[in-house]
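The following exercises concern aromatic rings and open space in a protein. Please study the structure before working through each solution.

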Amino acid sequence: MKWISLPSLLIALALSGVTVANEPLRNGGGEEILLQGFHWNSSRNPTEKWYAVLTRMAGQIGNDGFTALWMPPPWNDVSQWQTTSAEGGGEGYFWHSFDKSSHYGSDAQLQQAASALSQASVKVVYDIVPNHMNDKDVYSQFPRGRNEWRHDCTQCDEGDAFMDGAADLNTANTAVFAAFEKELINLRDHYGAKGLRFDFVRGYAAETVDRWMQAFGNNQFCIGEMWKGPNEYPEGDWRHKASWQDALKDWSDRSHCTVFDFALKERMQNGSLAEWRHGLNGNPDPAWRAIAVTFVDNHDTGYSPGPNQGQHHWPLPEERRNQAYAYILSSPGTPAVYWPDMYDWQRGDLIRQLIRLRKEAGIKADSQIRFHPQYYGMVATTTGTLKSLVIALDSDLTKLPQSLGQPALAADGDKIRVWSTPAEQSLIGVHFNCDYADTRFGQTVYAVGSSIELGAWDPRHAVALTHNPQENRWTRVIDLPAKQVIEWKCILRNKEPPDAVRWQPGPNVSFTSGEASVTRGTF
Ligand code: 7SA
Ligand code: CA
């Protein structure tokens, strides 16, 4: 029997067009901390060319703990436009040619900035805009009438149109695909590109991005900007009824790139602090957390220093901004920090401290996160390779478990508290049982105890058990980190007010999680 070797089997599969499952997720090993290296008005920076600013700041950016910098589009953009509510042009998103001299600076200045950042061990990630280009110019790289533009034919676009689609290119066309493939390799070989941010990915196929990345560098970092809510998909499209997370994961599965966590952005904008857990980066499945690039604002959604204060399409209100940075920097996903928040609006010290705590804990994109919903606000524990970080945002976590001690960071009048603790062990489900409770109408039996999961002995934050009438037993499985010495008691409590309690008599029940997986208290 002739055995076919694994590599040749994989090649055969790949050639057959079958997507080989082992395509790597291109998330930089999950250890990237990204700085958006520009804002909406950077191309109009009054004092010095933007590339010169980046060269001057490269060392500080590295010292501040960033591992990668998202550059603006590197291509020449001579556009000027006006709409009823705004005007602009030259930012790079309506580019004219692959020429690197632009409003951000000259080709030489770009090279200087790229090498200064690389010397500071900061990966250069260019913003790529393949969906469209300035169709207004007489000069155009792509001739008309050859199916290279969306409007050349009815099937001449593999995605959405930008505005009315007059400027859309047909990325499925081999000449168009090849032109970008060549330019991405040029950016890698001559402009220090170590990663790519793909603009407006709703405008072309995720598989096209995957093929460009295979040419650019199959393991290099890439991020897709998929800003498209469920209601923007046509009625018949499954994503119209799916969640923001589902559509983002679908795109990442087909491109093998990370994706900006617009699911978290939407919850930050429209949900309470407790609902921030529903971001892609809080998903119970690590494969979903690993693809999330979390952010508070960017050059579209947020304000920018300078004219019109930028675009501010979807800005996070000021009072939540510090808490949002505390959350994305001490939770899973790949955090992205918006330039003005770091270097223009005095938030830099807080962000610097948070980055240090994240790195000391060894938190990665797919790290485990546990939410503690029995508290108001956002209380969660993220466990990295070295430590666990407990975060409490605007919460009523007042009685602290001994294990927590003093916060490693407190800010915003204690609205932000972060503790650094020894890395907790993996979780195990412990059966909590309470017997012989003679409950009055409306009363419920709770478990309250020493650890944060059990409310740190505060009945208000105890865990409600469920009644099993046959055995007159109240019970619940509670996930706890293994190897923790736990003390606890059964209590009788009304739902509201949460303080009317009757305690289980006698000494506390105590056990070590993992050695015991069942524990019992009796009234
Ligand atoms: O409204 C915000 C959110 O509120 C929430 O409550 C909503 C959200 O759904 C809701 O829950 O988000 C909605 O609105 C977002 C912002 O418009 C949408 C999002 O999908 C939607 O859900 O995001 C879209 O728009 C962003 C700007 C894009 C997103 O990918 C896209 O999904 N961001 C990236 C894309 C571009 C374009 O490359 C950049 O746009 C962004 O910086 C980048 O991050 O000759 C051709 C031609 C004609 O075709 C046009 O008809 C004509 O008007 C030219 C003219 N076009 C001009 C535009 O009108 C003008 O606005 C063009 C030449 O210049 C401008 O376009 C700018 C754009 O304004 C600017 O944001 C573009 C090119 O310079 O550069 C930037
Ligand atoms: Ca398109």
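A charge sits over a ring if NZ of Lys or CZ of Arg is within 6 Å of the ring centre and within 35 degrees of the ring normal. The model used here is predicted.

**Exercise 1.** Identify the residue that lies over the face of Tyr446, and the one over the face of Tyr191.

*Solution.* Arg493 lies over the face of Tyr446, at 4.1 Å from the ring centre. For Tyr191, the residue is Lys100, at 5.1 Å from the ring centre.

**Exercise 2.** Classify the pair formed by the rings of Trp457 and Trp503, and state which parts it ties together.

*Solution.* A search of the whole structure gives 27 aromatic pairs. In this one, the ring centres of Trp457 and Trp503 are 6.4 Å apart and the planes stand at 35 degrees, so the pair is tilted. Trp457 belongs to the loop between strand S17 (443–449) and strand S18 (463–464), and Trp503 to strand S22 (residues 501–503); therefore the pair ties together parts 46 residues apart in sequence. Trp457 has a relative accessibility of 23% and counts as partly exposed. Trp503, with a relative accessible area of 33%, is also partly exposed.

**Exercise 3.** Describe the lining of the largest pocket.

*Solution.* The largest pocket holds about 1100 Å³ of space. Its lining consists of 39 residues, and Trp81, Phe162, Met163, Gln311 and His313 lie nearest the centre. By residue class, the lining divides into 13 nonpolar, 13 polar and 13 charged. Strand S3 (81–82) and strand S4 (87–88) each supply at least two of the lining residues.

Technical notes. Residues are numbered from 1 along each chain as its sequence is written. Chains are lettered from A and ligands numbered from 1 in the order in which they are written. This is a predicted model: local features need pLDDT of at least 70, side-chain atom pairs count only at pLDDT 80 or more; totals for chains, interfaces and linings use all residues. Side-chain values use heavy atoms; hydrogens and water are left out. Rings of Phe, Tyr and Trp (its six-membered ring) pair if their centres lie within 6.5 Å; planes under 30 degrees apart count as stacked, over 60 as edge-to-face and the rest as tilted. Helices (H or I, at least four residues) and strands (E, at least two) are DSSP runs, numbered from the N terminus. Buried means under 20% relative accessible area, exposed over 50%, partly exposed in between (1.4 Å probe, protein chains only). On a 1 Å grid over the protein atoms alone, a cavity is a set of points where a 1.4 Å probe fits but cannot get out, and a pocket is an open set with protein on both sides within 12 Å along at least five of seven lines; lining residues have an atom within 4 Å of a point. Grid points are joined across faces, edges and corners, and a volume is the space filled by probe spheres set on the points. Ala, Val, Leu, Ile, Met, Phe, Trp, Tyr, Cys and Pro count as nonpolar, Asp, Glu, Lys and Arg as charged, and the others, Gly among them, as polar.
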